[in-house]
Amino acid sequence: MLAKIEQLLQEVEGLTARNAEELEALRIKYLSKKGAINELMADFRNVPAEHKKEVGIKLNELKSRTQERIAALKEAFESQDTGMSELDLTRTAYPVSLGTRHPLSIVRNEIIDIFGRMGFTIADGPEVEDDLHVFTSLNFAADHPARDMQDTFFVEANQDDVTKNIILRTHTSSVQVRAMENSQPPIRIICPGRVYRNEAISYRAHCFFHQIEGLYIDKNVSFTDLKQVLLQFAREMFGPETKIRLRPSYFPFTEPSAEMDISCDICGGKGCAFCKYTGWVEILGCGMVDPNVLEACGIDSKIYTGYAFGMGVERITNLKYKVKDLRMFSENDTRFLKEFESAN
Ligand code: DAH
C-alpha cells in the first residue's frame, strides 16, 4: 500500500492540464468518490493495525498534495485565460494601421510649405505673453477694447503698469514684435501658433484656436509686394483660378490695413449659400506695418518698411474641407479625424 501511495505522490507532482476539461478529468481520476485516493481510503481498513499510523499519515499527505496540485493548475490556466485564450498568435501583424494627421496640422503644414517656397522661415514665441508684446508694441491704445478681460485671459494683472500684465496671447502678431526686437531686417517670417480668447464655446467660436502670422520687413517693401505674395498663396492653397480682393479695414498695427477675400470656391464666384450670395469669402487680415510698430521694436522706420498678414488656420481649414462645427477640431473623435486619412 505504501508503495502505491508513493507512486501516486510522484504522479500527482507531474500533473498538467491545458484547459478546464482536462483539469476536471484529473479531479475525477484522483479526488472523486470513485477516484484513486478514495479507493486507497477504502483499502485502509485492511492495513494491519501496527502500520495504520504510518500509512494514514502518508495517505493524508497524498490527498492534500493532490488537492493543492489541482488548485495550482486551475489558478495557472485561469490567470493565463484572461487574454491568452483571446489572443490569436498566428494572426499577421500587417497591415499596421497608422494614425492620421490632424486636419489643422495638415493645413498648417501646407501653409508653411507655400510660404516656405517664397522664402519665409518659421518663427516662434510664447503662448503666455506680456501685454507689451501682444498689445502695447503693436500700437493698441491703452483703452483698446481687445485689452478687456472679456476678450483676454489674464494670468497676472499688474495694477501699476498694464504693459506688465501677463496674459495668454490673443493673436500671433506678438511673435512679429519678438522677431523685430531680436533681429534687424531683412526679416521674412511666418509664425504659426495657438492663440486664446475669452469666448463662449459654440460651433463658430472657441476659447483657443490657431493662427499664422506673416511679416516681411526690408528696404522698399510695398503694398504691391504684399498683394502679389497673397495672390500666390491663395492660388496655391485654393487652386489656380482663385481670385482675391482687398477691402480697406483697420488694425492698430498696420497702416493702411485690409481684409482679403477669395472668390468662393463652391460657386466659383457666382453666389451661393456658403458665401452668402456675395461670391467672396474672407480669409485674412493684412497691411503695411505701422511705423509706430517698427519704432517700438527698434527698427528705423525711415529706412525700412514692411507688410504683415494674419490668418486663422481653422478658417482656412473650414474653407478647404467644409467643417461646419469648430468644436470638431478639439474633440478628438477618431471618426472625424479618420476622414482626413487621404489628405495626409
Ligand atoms: N492679429 C489679427 C487678428 O488676430 C490678424 C492680423 C491682421 C494680423 C492684420 C496681421 C495683420 O499681421 O496685418 O485678428
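The shell around the ligand is made up of 5 nonpolar, 8 polar and 2 charged residues (Ala, Val, Leu, Ile, Met, Phe, Trp, Tyr, Cys and Pro count as nonpolar, Asp, Glu, Lys and Arg as charged, and the others, Gly among them, as polar). This is a predicted model, in which local features need pLDDT of at least 70 and side-chain atom pairs count only at pLDDT 80 or more, while totals for chains, interfaces and linings use all residues. Residues are numbered from 1 along each chain as its sequence is written, and side-chain values use heavy atoms, with hydrogens and water left out.

Of the 15 residues around the ligand (a residue is near if one of its heavy atoms lies within 4 Å), those that come nearest are His171, Ser173, Arg197, Gln211 and Glu213. At least two shell residues come from each of α7 (173–182), β6 (208–218), β9 (280–289) and β10 (305–312); helices (H or I, at least four residues) and strands (E, at least two) are DSSP runs, numbered from the N terminus.

Next come the polar contacts, that is, pairs of N or O atoms within 3.5 Å. The side chain of His171 has an N or O atom 2.9 Å from a nitrogen atom of the ligand, and a polar side-chain atom of Ser173 sits 3.0 Å from a ligand nitrogen atom. Gln211 deals with an oxygen atom of the ligand instead, with a side-chain N or O atom 2.9 Å away. On its own the ligand exposes 350 Å², and the protein buries 88% of that (areas come from the Shrake-Rupley method with a 1.4 Å probe).

Now for a pair of helices. The axes of α5 (residues 103–117) and α10 (residues 313–321) come within 9 Å and cross at roughly 100°; axes are lines fitted to C-alpha atoms over the stretch in contact, with angles running from 0 to 180 degrees between N-to-C directions. The two helices, α5 and α10, are therefore roughly perpendicular (65 to 115 degrees). Among the residues in contact (heavy atoms within 4.5 Å) are Leu104 and Ile111 of α5 and Ile316 and Tyr321 of α10. The contact of α5 with α10 counts 8 nonpolar, 1 polar and 4 charged residues.

Finally, some backbone oddities: most residues other than glycine have a negative phi, and most peptide bonds are trans. Tyr94 and Pro95, however, are joined by a cis peptide bond with omega about 0°, and Pro95 is in the loop between α4 (49–84) and α5. Another cis bond links Glu255 to Pro256, with omega about -5°, and Pro256 belongs to strand β8 (residues 254–263). Lys322 has a positive phi, near 55°, and is found in the loop between α10 and α11 (328–331).

Technical notes
Angles under 35 degrees count as roughly parallel, over 145 as roughly antiparallel, 65 to 115 as roughly perpendicular and the rest as oblique. A polar contact is a pair of N or O atoms within 3.5 Å; within protein, one must be able to donate a hydrogen and the other to accept it, and residues adjacent in sequence count only if both atoms are side-chain atoms.
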